[in-house]
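Trainee: Could we go through this model together? I would like to begin with the nonpolar core.

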Amino acid sequence: MRSRKVLPRLISLAIFIALEIASLQLLSHNAQLQRIWLSRSAHGFMGAVWGSTQRVQGFFRLSKTNRELSLENAALLKELTETREALRRAHTDSLGTGLRQESGFVIIPAEVVKMSRGSQHNYLILNRGYEDGIQEKSGIITRNGVVGMIDAVSAHHAYAFSFQHADISISARLGLEGGTGLLVWDGSGNRGAILKEIPLQYKYNPGDTIYTSGHSLLFPPDIPLGVAGESRIINGATNEISVTLFQDFSAIRYVSVVHNTAFDEIEEFVQ
Amino acid sequence: MKKSGFWLIYIILLVAQLLLSTYANFTPYVMVTLLPVMVLCMPIRMHTILAMVIAFASGLSVDLLSEGLLGLNALALVPVAFARNAIIRLIFGRELFAREEDFSIHRNGFGKVLVALVLSVALFLAIYIWADGAGTRPLLFNAIRFGASLVASTLLSLLVVNLLAPDSR
């Protein structure tokens, strides 16, 4: 019944549009001013339509673009780590010690599929497992710093402790050549952390950058983590510095898993 | 009035419109048109598609035979025909369609007929002035032209509406 009413209306609408187009055609063929005006309007309309179409297409391509950027990011991070390693070796050689540090990191891009942020023991689940090359005792980083560390791995997923976990600490350095201490989550907020156990003799200024020290085996050295803020002296022996992290934990999706290829060898040696 | 009577008056008014378009160009601020009232008063049983085709042909004939731009009256008049049923339904109610009865001042009141006329003339003039100006005329000029033409055309339409929609029809 309803289609009986809709069809004649559609036909009327089609004929209305056809007659209006015919009128516009006649108008544009017989008047220069109207021709220019119609042409300009048509171009404006086409531009708006194509612009909107491109925006919609771009929106639906975002997921693919993000994955591509994640892969590119991981490749760049790998290159950066290798370059830093080469620079350090060159620096060590220039000191004339004759010693070489032979450690490298495998970097695998991944996506966070689940993440908790509401407790004191937060975790992440990544969409990559051992079939993708992920191993336990690997670190998780982004271009903004450290995110967590892998604790358990299945075929296609990995479970990780978030940096926002009460039991997690990261070896961090104050500046590129300053004192080394432990960076822990401050227990609240998305960007707050505390750098502990910095010996008093190491001077710093609020605003100095905090880097990974490279002592933990899990993370490459010299990854910028955040900036130092206020400090207080603990037991008259060490400084405790508040840190504002670069990484906003409320906006994590694409990460890189880093695994130290020399981890097992060093662990075995230590034991 | 029989249908043939209506169409005879319609053709006479079309000729009158031709004369108005050709000779009644006293000022660029005012254009007088009878075309919207002619379309609005077409028999209520007439299908919208046929009304649009007749409106297109009427507009085109005025454009061809007067000194106007070819397609301009047709462009502005077809939307009046397309919106005719909606205007009648809005102003006079659905009963006219159920009874298949044409409206008139005597049966439906002067006020309602006036509002229907104003709506159809305003729709016609809005498109006509917009397309005629082609984006080159200032808004104030278009607004004054629209207002003055609306008043003049509505008054003239009120004079002929009784010819097109008499009580006896």
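Mentor: A definition comes first: a nonpolar core is a set of buried Ala, Val, Leu, Ile, Met, Phe, Trp, Tyr and Cys residues joined through C-beta atoms within 7 Å. Please note also that this is a predicted model.

Trainee: How many residues does the largest nonpolar core have, and which have the most contacts inside it?

Mentor: The largest such core has 44 residues. Those with the most contacts inside it are Val39(B), Ala55(B), Leu77(B), Val78(B), Ala81(B) and Phe124(B).

Trainee: Which elements each supply at least two residues of this core?

Mentor: From chain B they are α1 (3–23), α2 (35–40), α3, α4, α7 (110–133) and α8 (139–164), and α1 (2–30) of chain A joins them. The element that gives the most is α4(B), with twelve residues.

Trainee: And what is Val39(B) in contact with, leaving aside its neighbours within four places in sequence?

Mentor: Its partners are Ala51(B), Ala55(B), Leu77(B), Val80(B), Ala81(B) and Arg84(B).

Trainee: Which residues does the second, separate core include?

Mentor: That core of 43 residues includes Leu126(A), Val153(A), Val184(A) and Ile252(A).

Trainee: Turning to chain A, how many helices and strands has it?

Mentor: Chain A has three helices and twelve strands. Of its 271 residues, 28% count as buried.

Trainee: Now the contact between the chains: how many residues does it take from each?

Mentor: Chain B gives 16 residues and chain A gives 15 residues. On the side of chain B that touches chain A, α3 (48–65) and α4 (72–92) are the elements that give two or more residues, and α4(B) gives the most, with five residues.

Trainee: What is the make-up of that side by class?

Mentor: The side of chain B that touches chain A has twelve nonpolar, four polar and no charged residues.

How values were computed. Residues are numbered from 1 along each chain as its sequence is written. Chains are lettered from A and ligands numbered from 1 in the order in which they are written. This is a predicted model: local features need pLDDT of at least 70, side-chain atom pairs count only at pLDDT 80 or more; totals for chains, interfaces and linings use all residues. Two residues are in contact if their C-beta atoms, placed from the backbone, lie within 7 Å. Helices (H or I, at least four residues) and strands (E, at least two) are DSSP runs, numbered from the N terminus. Ala, Val, Leu, Ile, Met, Phe, Trp, Tyr, Cys and Pro count as nonpolar, Asp, Glu, Lys and Arg as charged, and the others, Gly among them, as polar. A residue is buried if 20 or more other C-beta atoms lie within 10 Å of its own, exposed if 12 or fewer, and partly exposed in between; C-beta atoms are placed from the backbone.
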